[in-house]
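Student: Could we go through the packing of this model step by step, beginning with its aromatic rings?
Tutor: Yes, and the model itself is shown here before we begin.

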Amino acid sequence: MVTTSDSPTPSVTASDASSGHGGSVSLDTSHPYFLHPSNSPGMTLVTSTFDGRGYGGWRRSLLIALSAKNKLGFIDGSCKSPPPDSPSFNLWARSDDMVTSWLLNSLSKEIVSSVIYSKSAQVLWTDLEDRFGQTNGAKLYHLQKDISDLTQGSSDVARYFTKLKLLWDELDSLYSSVTCSCNCICGGKVKLVKSLQDERLI
C-alpha cells in the first residue's frame, strides 16, 4: 500500500509492485499522485486557450487550477520522477501524463505542435516560460503606452478601473521574477510600494 510522507515519492510494498501498473495501490487523496475519477486527459482547466497573447493571465489561471488539483509539483520540479525501476514510477508517469494533457488542452493548435514532444510536464512548462514569460522591452513599452493612453471617456468608473487594473496586473506579471523577497529593515521596500501607488493614483 502506498504511504504518504514529506517526500513526494511514495513507498510501495512488494505486493503492489508486482501488479505492474499499481492495480491494487491505494493513494491518499492529498498525495500528488492521486487522480480523482472525474479527472481525464481531455479536461480543459482554463476557459480560454493560450495563443501567444495574454500569457500572464493564462499562466495565473492555470497555476490556480493545478494548485487546486495538487499538481503544481509536476511543473515546478518539486515532484520529481522516481527511478524507472522504482515501484512508484508508473504512478508518477500516469500523473505526469495527465498534467501534460491538461497543459496541451489549454494551448492553441499552433503552439501545441511546437511542444507536443516534450518529455514531461515540467519540460513543457519550462519551454513556455522561456518563450512567453520573459520580460521584453517591446511588451513593456506597449503596456506603458496603453496605460498612458487609457481614458475614461464614456465608460463608467467600474468599467474604466477594470481596464486599468488589467493593464496594471499584466505589468506586475512582467516584474514578478525580479521581486525582492528579503526582509527589509530600512523601509526602502515600503517607500517603493508607496511610490508605485502614487504613480498609479496620478
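Tutor: Rings of Phe, Tyr and Trp, the last by its six-membered ring, pair if their centres lie within 6.5 Å. In this predicted model, the count by that rule comes to 10 aromatic pairs.

Student: Which residues do ring pairs link into a cluster with Phe50?
Tutor: Applying the centre-to-centre criterion of 6.5 Å, one finds ring pairs that join Phe50 into a cluster. Its other members are Tyr55, Trp58, Trp125 and Phe132.

Student: Are the rings of Phe50 and Phe132 stacked or edge-to-face?
Tutor: Phe50 sits in the loop between helix 1 (14–17) and helix 2, whereas Phe132 belongs to helix 6, 82 residues apart. Planes over 60 degrees apart count as edge-to-face. The two ring centres are 4.9 Å apart and the planes stand at 85°, so the pair is edge-to-face.

Student: How are the rings of Trp58 and Trp125 arranged, stacked or edge-to-face?
Tutor: Trp58 lies in helix 2 and Trp125 in helix 6, so this pair ties together parts 67 residues apart in sequence. Planes under 30 degrees apart count as stacked. With centres 6.0 Å apart and planes at 25°, the pair is therefore stacked.

Student: Which helix gives the most residues to the largest nonpolar core?
Tutor: That core has 30 residues, and Trp58, which is buried, is among those touching the most other members. Two or more residues each come from helix 2 (55–68), helix 3 (73–76), helix 4 (89–105), helix 5 (109–115) and helix 6 (121–132). The most, eight residues, come from helix 4.

How values were computed: Residues numbered from 1 in each chain as written. Predicted model: local features only at pLDDT ≥ 70, side-chain atom pairs only at ≥ 80, totals over all residues. Heavy atoms only, no water. Core = buried A, V, L, I, M, F, W, Y, C linked by side-chain atoms within 4.5 Å. Buried < 20%, exposed > 50% of the residue type's maximum accessible area, 1.4 Å probe, protein only. Helix = DSSP H or I, 4+ residues; strand = E, 2+ residues; numbered from the N terminus.
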